[in-house]
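Reader: I would like to go through the terms used for this model and see what each one rests on. Please set each value against its definition.

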Amino acid sequence: MKLTKTPLLFVSFLLFSATSFLVSCRKDKAFKSPWEYEEGEENVAGILTVYDESENAYNHAIPGLSSSDETKFVVGNSFNKMNWVIAPSSATGTDGLGPLFNAKSCSGCHLRDGRGKPPEDGEGLISMVFKLSSPGTNIHGGPLPVTNFGNQLGNNAIPGATSEGGVTILYTNVSGSYPDGTPYNLRRPGYTFDNSGLSGALFSPRVAPKMAGTGFFDAIPASTILSFADENDLNGDGISGKPNYVWDFTENKTVLGRIGWKANTPSIRQQVAGAFVNDIGITSSLFPSEDLSATQVTAFGSLPNGGTPEISDDIREKVYFYTSTLSVPSRRNFKDEEVLQGKYLFEKSGCTNCHIPKIQTGLHPDIAYLNNITIRPYSDLLLHDMGTGLEDGMQDYLATGSEWRTAPLWGMGIQATVSGHTTLLHDGRARNPEEAILWHGGEALNSKNSFMNLKKEDRDKLLKFLYSL
């Protein structure tokens with residue numbers, strides 16, 4: 001067979017045509033790389049996103065409030081920041097602190113509406129609380145109080161009352177390495193109570209989560225949250241998101257939980273009232289009794305209080321409105337090529353099976369501004385078994401000791417600027433997002449392993465994406 005040579009000019013033409021075709025495909029809007037930018041994805045709170053990269057990024061109201069609602073927001077913020085004092089006080093409506101408390105104000109735990117952290121050496125429990133329980137459940141299916149202590153450790157007390165003691169936290173090193181040989185070190189916390197009476201109690205350490213954006217969760221339809229659930233893992237992907245059902249003290253019935261580390265609270269309104277009574281010792285019409293045992297009620301009965309209740313419905317509702325209308329700051333570096341590749345790797349590793357990127361709100365029960373907004377919280381608000389490494393041994397309604405609500409990731413990348421630290425997880429053991437991933441187990445084990453098996457440069461891209469949120 002005779003071979004013929006293709007003319008050089010024709011070869012050049014073919015190469016030019018092929019190159020032109022590929023370039024035109026890349027420019028064609030129909031062409032999608034696996035890590036392409038999605039229009040508007042930086043606006044994590046949709047049209048209600050705010051734009052601030054300073055330490056105040058978490059404490060902005062959603063845009064578009066009426067003048068009267070702006071006033072309500074400002075007043076709510078003032079009571080959020082205000083230090084409550086021991087009764088009686090000449091400042092009407094601001095007294096009633098204690099007799100047991102963890103902080104004197106909401107912002108005492110949520111500095112600039114941001115996230116708390118575990119104490120450093122020599123510090124007290126500044127923005128961390130310890131939930132307590134005995135085996136069993138109360139009449140509503142929630143945690144059973146510990147005899148002589150109640151459901152939360154009161155590590156501070158007003159004069160005349162006795163605190164329930166503090167906690168010493170000691171960390172042990174957990175070392176390991178990635179499949180490529182890169183070493184890592186984690187820290188596992190251990191807790192010792194000062195009060196020996198708590199030696200047999202179940203407990204759960206929890207740092208204060210950031211407040212920004214939580215109001216949107218009240219507006220997500222229950223049907224949407226439940227559509228993410230797969231409690232029996234019928235699709236066989238290893239993920240079995242589970243709803244928590246909790247007692248609603250406003251409605252006096254069991255409803256879907258959506259707020260808190262264990263999704264153990266049904267609404268922001270109940271969360272606000274619960275924080276007042278449990279963390280500051282301020283009663284309200286929703287929670288008219290302090291978290292005290294019968295012995296403590298008798299012992300502290302002669303101490304002054306700030307009234308019955310100690311906070312008016314009007315003030316409490318303004319703090320509720322303030323908390324509910326806090327927006328979330330826009331993402332940064334969202335078009336950076338490595339950030340986009342990291343987003344792709346985050347999804348490819350299975351992280352978005354729980355950290356749902358995009359959700360549509362429905363109708364908020366009180367605040368119409370939050371209706372029908374496309375948000376990107378990166379959470380399904382469901383419980384997931386995170387493995388024995390993160391187990392606290394305490395049941396919270398339907399949540400077992402190893403089950404935790406998927407943490408919303410929006411706003412995470414600016415946490416260091418707002419809160420001054422990068423600690424993550426319910427107890428703050430993770431010093432950064434990488435350590436948080438490495439603590440994942442249970443349902444998240446496959447995703448963690450996928451992350452670990454990436455090349456270092458790809459792990460860095462995934463982390464760069466998280467810091468962009």
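Author: Y245 is partly exposed, because its relative accessible area is 32% and the class lies between buried, under 20%, and exposed, over 50% (1.4 Å probe, protein chains only). This is a predicted model, in which local features need pLDDT of at least 70 and side-chain atom pairs count only at pLDDT 80 or more, while totals for chains, interfaces and linings use all residues. Residues are numbered from 1 along each chain as its sequence is written, and side-chain values use heavy atoms, with hydrogens and water left out.

Reader: Where is Y245 placed?

Author: Y245 belongs to strand 8, residues 245-248. Strands are DSSP runs of E with at least two residues, numbered from the N terminus.

Reader: What makes L226, Y245 and L398 a nonpolar patch?

Author: Patch residues have over 30% relative accessible area and no salt bridge (a side-chain nitrogen of Lys or Arg within 4 Å of a carboxyl oxygen of Asp or Glu), and nonpolar side chains (Val, Leu, Ile, Met, Phe, Trp, Tyr) are joined within 5 Å, like charges within 9 Å. L226, Y245 and L398 form such a patch on the surface, with about 230 Å² of accessible area together. Areas come from the Shrake-Rupley method with a 1.4 Å probe, and for residues only the protein chains shown count as cover.

Reader: How do you know that strand 2 pairs with strand 3?

Author: Two strands pair if DSSP finds at least two bridges between them. Strand 2 (residues 128-137) and strand 3 are joined by 2 bridges and run antiparallel, so they count as paired. S134 stands opposite L144, and T137 has P143 as its bridge partner. The hairpin of these strands has 5 residues between them, and G141 there takes a positive phi near 90°.

Reader: How many bridges join strand 2 to strand 7?

Author: There are 6 bridges, again antiparallel; in one of the pairs, F130 is matched with P205 of strand 7. The 3 strands form an open antiparallel sheet in the order 3-2-7. Strand 3 (143-144) and strand 7 (202-207) are called edge strands, as each pairs on one side only.

Reader: Why is no disulfide assigned to C109?

Author: A disulfide is a covalent bond between the sulfur atoms of two cysteines. The rule asks for a pair of cysteine sulfur atoms within 2.5 Å. The closest cysteine sulfur to that of C109, in C106, is 8.6 Å away, which is too far for a bond. The count by this rule is 0 disulfides.

Reader: Are C106 and C109 buried or exposed?

Author: C106 has a relative accessible area of 14% and is therefore buried. C109, at 9%, also counts as buried.

Key
Helices (H or I, at least four residues) and strands (E, at least two) are DSSP runs, numbered from the N terminus.
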